Amino acid sequence: MTRIRETALLLRIQLCRLGGINSLLHGHDPRQKRRALGTLALCLMLVLMASGYSLMLAMMLADVGAMGMIPQVFVLALTALAFMSVMLKGPEMLFGGSDVSALRAMPVASGSIVASRMIALLAAEIVFAVLIGVPAAVVYGLHGGFAGGARLALALLLIPALPMAAALALGTLLARLTLSMRHRALLTAVLNVALFVAIMALCGVLTAAGLQGRLTKSVMLAMMGRFDRLLTGLYPPADWTAQAAAGSGGALALLAAVSLSALALMTLAATAGFARLADALGMAAPAARASARTGRPKSPLRALYGKEVRRFTSSTIYMMNASAGLLILAMATVAVCVMDLRPALALLDAVPAARGKLPGLLTLAAMLLAGMSGTTSCSISMEGRQMETLRAMPVRRRDWLGAKLLLQMTLSAPVFALCGAVLALRLGLSAAQGALLILAPVAYSLVMGVVGLALNLRFPRLDWEREVEAVKNGLSVLLTILTGMLVPLGIGAAWLLL
């Protein structure tokens, strides 16, 4: 009973930190409460968007006569989502955090610490499973009966446990093997980029097939049939989910037993090695960020810029979060270079108005990706509890903020310039159109960099225990991304309607 009470208390503390709930319930500062309410409102909007996309995908599968593929498709989606998210942040969430030393100094068992963190990770993945799986189960139930939809929903809630355990094991092993490497965050980021590129490439192939008229309804049904045959026997949880949705209670029990057993084994293994791994990761983090180099004196801006670069390259989550839009643009540019564009350009030539709008649409798309990519929206929050030390240093504010903005432009400007030039040459745009395709995204990235700094100054999150809280859960990050995406979309909608 003592272990259960310890686990429950630690879990409650972790859950209260999510989304500013603790500040909303117990804070006395009205500004903190307003920020917490704003964060929860934005999270609710994102929840509705995710559920809407899931519902549309399930309805599309049902409309084309592939309702039997709904369990397999959503099992695959939830498995990939759980694996990628936990692989990226799992080891840090399980063994890291500035509160590890304080917790280990308390009369709390390591098993309670690990169990509370495992439950918190699983709760986050179950929330995603609810958002994505329940709409699919509703569509499945409308076409195949209420009981089938309920069984599918229950099975989909069990799916994240197995990939979560596998991702934790692999991520922890990778972190342990790369502890002695100076740039271990870069290696982890490269592996995550490779996985991201593979998934986006698959989506791009399907999109290209649809644009060229090869992804008709009959072809889609045939492709779904081949995918069903490929998946059958290859990933047993997908088979068990489909069988459970069809009415097999044994398949549902087997899925639950395997998923929960994998999670229990991972919890036991993490408990056994918690002290060793927490010490190792805790000692490696300062080493990765250290910069005890001597040499000729540097200007304040140059020294602060070097500090920003080292912080950026030492955090896998920071790098991935700030580079997603740039990766998509680079992949799209490569795809345009290797694809046969003549069918698509011929279609545009048949509609002169559409061909004339192509440069503008490309520019707005690049601006949209620029709005998704930025470091400044969380760069101040990344200072954490060192902010008071920085404020006491004799450093001008413009140098400190300028170094953060310079990092964003160092990352984004070369990518937008190179990709814009390649796209302009490949599509035969005029010099003015090519210049607009290059300069507009670069300028917009600069503007959004300033907006991100302003919002992060207004809504900093300095009390984080893990970097993922500053990078993913800050109100300034959500506001900056939404603003950066909505402005190009609004401009495009107004331009097309005029």
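Of the 498 residues in the protein chain, 44% are buried. The model is a predicted one, and its secondary structure is easy to summarise: the chain comes to 23 helices and 0 strands. About 24900 Å² of the protein chain is exposed, and 72% of that area is supplied by carbon and sulfur atoms. Contacts across the sequence also deserve a look. Among contacts in the protein chain with a separation of 6 or more, 82% join residues 24 or more positions apart.

A good place to begin a tour of the helices is α1, which spans residues 2–17 and holds leucine 11. Leucine 11 has a relative accessibility of 17% and so counts as buried, the cut-off being under 20%. Its partners outside the immediate stretch of sequence are Ser116, Ile119 and Ala120, once neighbours within four places are left aside. One of these pairings can be followed along the backbone as well: leucine 11 and isoleucine 119 are 108 residues apart along the chain, yet their C-alpha atoms are separated by 7.4 Å.

Further along comes helix α11, residues 236–245, together with helix α12, residues 249–272. Their axes come within 8 Å and cross at roughly 140°, and α11 passes α12 in a left-handed crossing. On the α11 side, the contact is made by Pro237, Trp240, Thr241, Gln243 and Ala244, while α12 contributes Ala251, Leu252, Leu254, Leu255 and Val258. Sorted by class, the residues of this contact divide into 8 nonpolar, 2 polar and no charged. Helix α11 is mostly covered, with 8 of its 10 residues buried. The buried set consists of Pro237, Ala238, Asp239, Trp240, Thr241, Ala242, Ala244 and Ala245. After α11 comes glycine 247, which has a positive phi, near 120°.

The next pair brings together helix α14, residues 300–313, and α20, the latter running over residues 397–427. The axes of α14 and α20 come within 8 Å and cross at roughly 55°, and the two helices are therefore oblique to each other. Their crossing is right-handed. From α14, the residues in the contact are Pro300, Leu301, Leu304, Tyr305, Glu308, Val309, Arg311 and Phe312; they meet Asp399, Trp400, Gly402, Ala403, Lys404, Leu406, Leu407, Thr410 and Leu411 in α20. By class, this contact has 11 nonpolar, 2 polar and 4 charged residues.

One of the α20 residues in that contact, lysine 404, invites a closer look. Lysine 404 has a relative accessible area of 0%, which means that this residue is buried. Not counting residues up to four places away in sequence, lysine 404 touches Glu308, Arg311, Thr375, Thr376, Ser379, Ile380, Glu383 and Leu453. Two of these partners, Glu308 and Arg311, belong to the α14 side of the helix contact just described.

Towards later residue numbers, helix α21 (residues 431–458) packs against helix α23 (residues 475–497) at an angle of about 150°, and their axes are 9 Å apart. That angle makes α21 roughly antiparallel to α23, as angles over 145 degrees count as such. The crossing of α21 past α23 is right-handed. In α21, the residues involved are Tyr444, Met448, Gly452, Leu455 and Asn456, and their counterparts in α23 are Ser476, Leu479, Thr480, Thr483, Gly484, Val487 and Pro488. This contact has 6 nonpolar, 6 polar and no charged residues.

Helix α22, residues 467–472, contains valine 468. With a relative accessible area of 7%, valine 468 is buried. Beyond residues up to four places away in sequence, valine 468 touches Lys89, Glu92, Met93, Ile317 and Asn473. A further link across the sequence concerns asparagine 321, which lies 147 residues from valine 468 along the chain; the C-alpha atoms of these two residues are separated by 9.8 Å.

Notes. Residues are numbered from 1 along each chain as its sequence is written. This is a predicted model: local features need pLDDT of at least 70, side-chain atom pairs count only at pLDDT 80 or more; totals for chains, interfaces and linings use all residues. Side-chain values use heavy atoms; hydrogens and water are left out. Axes are lines fitted to C-alpha atoms, for helices over the stretch in contact, and angles run from 0 to 180 degrees between N-to-C directions. Helices (H or I, at least four residues) and strands (E, at least two) are DSSP runs, numbered from the N terminus. Angles under 35 degrees count as roughly parallel, over 145 as roughly antiparallel, 65 to 115 as roughly perpendicular and the rest as oblique. A crossing is left-handed if the near helix is turned anticlockwise from the far one by less than a right angle, and right-handed if clockwise. Contact means heavy atoms within 4.5 Å. Ala, Val, Leu, Ile, Met, Phe, Trp, Tyr, Cys and Pro count as nonpolar, Asp, Glu, Lys and Arg as charged, and the others, Gly among them, as polar. Buried means under 20% relative accessible area, exposed over 50%, partly exposed in between (1.4 Å probe, protein chains only). Accessible areas come from the Shrake-Rupley method with a 1.4 Å probe; for residues, only the protein chains shown count as cover.
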